[in-house]
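Here are some short exercises to work through with the model open beside you. Try each task first, then compare your reasoning with the solution below it.

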Amino acid sequence: MSNPLRIRRQLHPSDSRLTKYDGTIVAVPSTAIAQLDHVDVRRRDTSRKLDPSRKAALGQFMTPASTARFMAGMFADVAGRTVRLLDAGAGVGSLTSAFLDRCLTSAPAAVAVGAWEIDPVMHEGLASTLRGYEEAAAAAGMKFDARVYAEDFIESATRALFAGPRRDFTHAILNPPYKKISTTSGHRLLLRGAGIETVNLYTAFVAVALDMLAPDGELVAILPRSFCNGPYYLSFREYLFRRAALRAVHLFARRNRAFKEEGVLQENVIIHLVRSAVQGNVRVTTSSDDTFTDFAEASYPFDTIVKPDDAQRFIHIPSGEAQSAVEISTVANQSLSALGLAVSTGPVVDFRMREHLLKDPGPGSVPLLYPAHFTSARLSWPLRDFKKSNAIQLNDDTARWLYPAGRYVVVRRFSSKEERRRMVASIVEQDDFDSAHVGFENHLNVFHIGRHGLPEAVAYGLAAWLNSTAVDEHFRRFNGHTQVNATDLRQMPYPPIAVLEKLGAWYIKNTAAEQLELDKKVEAIL
């Protein structure tokens with residue numbers, strides 16, 4: 001590492017007033033509150049000066065004071081301890097400032113800060129933030145040492161890790177950059193050499209920072225929720241759970257509020273990890289936005305958050321305190337496999353089979369179904385003026401990717417966050433088209449029995465169950481992402497086959513039923 005800027009000062013709490021950390025009222029020195037306020041003004045001024053193209057290239061989204069203070073409040077008490085803080089992608093020092101404010105209430109024996117920031121535009125503000133704590137220094141014997149590393153965190157930290165274990169940081173607080181990493185980039189090769197396989201800088205920062213923590217070291221980071229599911233982040237999730245315990249998660253219910261000044265439209269979570277700790281219950285907190293005025297919390301067993309039998313290690317974050325009707329039901333207690341049913345992702349990946357796709361059905365072709373073909377509970381095929389394909393050729397290259405014609409239930413994999421429902425099930429009937437085969441595109445989930453169709457009553461009962469508000473709310477509660485993966489559907493609870501058949505017999509005669517009527521029927525079952 002290059003020689004960093006060093007600042008040695010004394011920290012001592014002066015007069016204090018009250019503020020809120022993580023739902024708890026604690027005393028915070030008034031000078032510290034003023035300091036964080038000054039840093040937040042600096043953050044806004046600096047953000048306005050940033051070149052938008054460079055900001056996008058670096059994946060910069062700066063942390064508001066309210067969120068920074070909340071994150072600092074998630075750490076355990078540091079009274080009497082020697083603290084070494086890591087802040088990677090430090091910006092102007094908002095998170096470090098919030099952490100130091102928290103330290104002023106706890107009087108650790110010593111505090112050292114290692115702050116990495118690659119953008120020269122940030123350096124003056126970051127140095128000013130750290131120098132500002134000179135005013136809090138006093139003769140309490142609490143040493144303060146701050147170092148700014150004006151270099152690439154991934155390059156710098158992985159070099160240090162290659163040179164030998166350097167796991168001496170006790171705390172890490174992060175708002176890492178959000179930017180995809182190409183498979184051939186220098187960052188990807190450095191990370192791979194350190195045993196880290198991931199596709200985005202934000203998960204790379206967390207993985208490297210975690211590796212730089214001492215045993216029982218704590219990490220708090222604000223991240224996009226996308227790492228919680230999907231195959232691209234599986235390696236990161238496995239890496240994370242091999243090295244740390246998940247202590248707490250905070251969920252922002254409204255995805256445009258955590259970084260509202262930046263105009264960021266994505267779901268964000270704050271995670272609290274403890275290096276090499278034994279996994280226990282997970283504290284889940286929620287708020288609509290960064291004011292935390294509707295703050296709520298609950299505790300869950302870890303196997304509720306990460307299912308023990310889930311090879312993908314998806315992270316399910318409950319979105320409220322009360323259990324869903326499905327959770328407390330004594331009837332919905334069956335797994336999909338126990339029912340003899342299966343669900344799979346549609347096997348046709350269109351860009352890999354482009355040469356076999358057809359705009360319109362013709363001789364030697366079979367129907368190819370996309371989410372757009374399901375505008376209601378039933379199929380609408382073929383579509384006129386459809387930008388995709390309505391059919392796929394049946395030949396030796398495509399046959400293995402097709403299903404035999406039959407009765408299937410399909411659920412689309414993706415929806416927008418603003419859509420009223422996440423779970424929308426539709427039925428494909430064998431007589432919907434004159435074909436012995438059918439293709440399901442990769443953006444659909446398909447319920448089947450051994451890649452064959454379902455009995456009529458079971459199919460309709462399953463569709464009615466999935467289309468109920470109770471099931472949709474249950475899914476949203478644990479799966480805030482806009483994807484409905486086959487793994488999620490496998491892990492959901494279902495009623496016994498006899499109950500599905502009874503519900504299906506009703507739904508066959510009442511497919512046009514209003515949502516309220518359907519919900520009442522399902523509620524009667526629960």
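The exercises below concern a predicted model.

**Exercise 1. Find out how helix H8 sits in the structure, and which residues of H8 are buried.**

Step 1. Take the helix residue by residue: from Leu-201, Tyr-202, Thr-203 and Ala-204, through Phe-205, Val-206, Ala-207 and Val-208, to Ala-209, Leu-210 and Asp-211, each is buried.

Step 2. That makes 11 of the 11 residues of H8, so the helix is largely enclosed by the rest of the structure.

Step 3. Now look at the start of H8, where a side-chain oxygen of Asn-200 comes within 3.2 Å of the backbone nitrogen of Tyr-202.

**Exercise 2. Work out which salt bridges Asp-211 forms with Arg-243 and Arg-275, and what they tie together.**

Step 1. Check the accessibility of the acid: at 6%, under the 20% cut-off, Asp-211 counts as buried.

Step 2. Arg-243 pairs with Asp-211, with 3.7 Å between the closest N and O atoms. Arg-243 belongs to helix H9 (residues 234-243) and Asp-211 to H8, so this salt bridge ties together parts 32 residues apart in sequence. With a relative accessibility of 22%, Arg-243 counts as partly exposed.

Step 3. Arg-275 also forms a salt bridge with Asp-211, and here the closest N and O atoms are 3.6 Å apart. Arg-275 lies in strand E10 (residues 268-275), so its pairing with H8 joins parts 64 residues apart in sequence. Both Arg-275 and Asp-211 are buried.

**Exercise 3. Which side chain makes a polar contact with the side chain of Glu-441, and which opposite charge is nearest?**

Step 1. Locate Glu-441 in the loop between strand E20 (437-440) and strand E21 (444-448).

Step 2. Look for a charged partner: Glu-441 is buried yet has no salt bridge, and Lys-388, the nearest side chain of opposite charge, is 6.2 Å away. A salt bridge would need the atoms within 4 Å.

Step 3. Turn to polar partners, and you find the side chain of His-443 at 2.7 Å.

Step 4. Beyond neighbours within four places in sequence, Glu-441 has contacts that include Gly-346, Val-348, Asp-350 and Tyr-370.

**Exercise 4. Trace the sheet that contains E21, and say which strands stand at the edges.**

Step 1. Follow the order E13-E21-E18-E19, an open sheet of 4 strands with antiparallel pairing.

Step 2. Strands E13 (342-345) and E19 (425-428) are at the edges with a single partner strand each, so one side of each has no neighbour in the sheet.

Step 3. From one strand to the next, the twist averages 30°.

Step 4. Between E18 (residues 408-412) and E19 there are 4 bridges; Val-409 stands opposite Ile-427, and Val-410 opposite Ser-426.

Terms used. Residues are numbered from 1 along each chain as its sequence is written. This is a predicted model: local features need pLDDT of at least 70, side-chain atom pairs count only at pLDDT 80 or more; totals for chains, interfaces and linings use all residues. Side-chain values use heavy atoms; hydrogens and water are left out. Helices (H or I, at least four residues) and strands (E, at least two) are DSSP runs, numbered from the N terminus. Buried means under 20% relative accessible area, exposed over 50%, partly exposed in between (1.4 Å probe, protein chains only). Lys and Arg count as positive and Asp and Glu as negative; His and the chain ends are not counted. A polar contact is a pair of N or O atoms within 3.5 Å; within protein, one must be able to donate a hydrogen and the other to accept it, and residues adjacent in sequence count only if both atoms are side-chain atoms. Contact means heavy atoms within 4.5 Å. Two strands pair if DSSP finds at least two bridges between them. Axes are lines fitted to C-alpha atoms, for helices over the stretch in contact, and angles run from 0 to 180 degrees between N-to-C directions.
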